[in-house]
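Hi,

Here is the structure I promised to send over. Have a look at it first, then read on for my notes.

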Amino acid sequence: MNLTSSQIQQFHETGYLMLQGLFSSEEVGVLRDASREIYGLSRKEVVREKDGKTPRTAFAAHCYNEAFRRLGRHPRLIEPVMQLLAGPVYMHQYKVNAKAAFDGEVWQWHQDYGTWSRDDLMPEPRAMNIALFIDAVTEFNGPLWIIPRSHREGVYQAGHDLDTTSYPLWTLDKATVRSLADRNGIYSAKGEAGGVLMFHSNLVHASSPNLSPWSRTIVYLSLCHVDNHIQRFKRPEWIAHRDFAPIQPLHDDCLAEIAATEEGRSEAEPASMAT
Ligand code: SIN
Ligand code: MN
């Protein structure tokens, strides 16, 4: 799948691009089932909120779940990023963020490349996120807030916040966020399940806690140009990957295929005994 020249221009200008309805409800359904399954696992990659039980994020799900493995090589996600980064890409990080109903906590204001450069020594911001909404994202369930155009001035000064949530983050100070938001406003990335948000690795973003009864699962693929791979291996491999081989996209039906198999299986199951 290719972006148009006006979409590319919009990405460079504002630092993001929202593409609604890119995946079907069947494809998203497969991933929703898969996310429930992985949040039920006891693995180091599944990080819980501070309460120790609510899932916050599952790292590296493409390494231990078939549906997420396929999503990690999906042409509708990989090809537009290859286009924007002008070449082959590898998976730097893979997260399935839960933002669970009632208990999903804040993600403080930050830039992803701020972390990737400080912690992983990624040479340049030739990396970006492409995120797929697995649930509808509304004003109620903690949509991602982004500051348009905030990707244009490099990496801002940040402090390493080890306390606010269960996951350490390099976060921006209030004065920087206020000045950027006063100039550019804030865009709240909302949409139905199946929508895709692409954003620059220097774009400033955050999300508030989820007080609503509706979970908001989003999968983030953080892709990096293969020539720009990280130089330091301080963080665990499942947080900052070390396989720098170019991703070869699968075929467009790779997820729909699982949905069709599951449908076939449930049709073949014996009828319920209920009267
Ligand atoms: C992130 O910035 O990496 C995740 C934010 C979110 O899912 O709310
Ligand atoms: Mn982020």
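Below is what turned up, starting with the ligand site and ending with one helix. Keep in mind that this is a predicted model.

Ligand 1 first: it sits in the largest cavity. Its surroundings consist of Lys95, Asn97, Trp107, His110, Leu144, His205, Ser207, Arg216 and Tyr220. By type, that shell splits into three nonpolar, four polar and two charged residues. Three strands each put at least two residues into the shell: E4 (89-97), E5 (107-110) and E12 (205-207).

Some polar contacts are worth pulling up on your screen. The side chain of Ser207 has an N or O atom 2.5 Å from an oxygen atom of ligand 1. For Arg216, a side-chain N or O atom is 2.8 Å from a ligand 1 oxygen, and for His110 a polar side-chain atom lies 3.0 Å from an oxygen of ligand 1. As for the cover over the ligand, ligand 1 on its own would expose 260 Å², and the protein buries 99% of that.

The other thing that caught my eye is helix H5, residues 112-120. How much of H5 is buried? Eight of its nine residues are, so the helix is largely enclosed by the rest of the structure. The buried ones are Asp112, Tyr113, Gly114, Thr115, Trp116, Ser117, Asp119 and Asp120. Right after H5 comes Leu121, with a positive phi near 50°.

That's it from me; shout if anything looks odd when you open it.

Cheers

How values were computed. Residues are numbered from 1 along each chain as its sequence is written. Chains are lettered from A and ligands numbered from 1 in the order in which they are written. This is a predicted model: local features need pLDDT of at least 70, side-chain atom pairs count only at pLDDT 80 or more; totals for chains, interfaces and linings use all residues. Side-chain values use heavy atoms; hydrogens and water are left out. A residue is near a molecule or strand if one of its heavy atoms lies within 4 Å of it. A polar contact is a pair of N or O atoms within 3.5 Å; within protein, one must be able to donate a hydrogen and the other to accept it, and residues adjacent in sequence count only if both atoms are side-chain atoms. Accessible areas come from the Shrake-Rupley method with a 1.4 Å probe; for residues, only the protein chains shown count as cover. On a 1 Å grid over the protein atoms alone, a cavity is a set of points where a 1.4 Å probe fits but cannot get out, and a pocket is an open set with protein on both sides within 12 Å along at least five of seven lines; lining residues have an atom within 4 Å of a point. A molecule sits in a cavity or pocket if more than half of its atoms lie within 2 Å of its grid points. Helices (H or I, at least four residues) and strands (E, at least two) are DSSP runs, numbered from the N terminus. Ala, Val, Leu, Ile, Met, Phe, Trp, Tyr, Cys and Pro count as nonpolar, Asp, Glu, Lys and Arg as charged, and the others, Gly among them, as polar. Buried means under 20% relative accessible area, exposed over 50%, partly exposed in between (1.4 Å probe, protein chains only).
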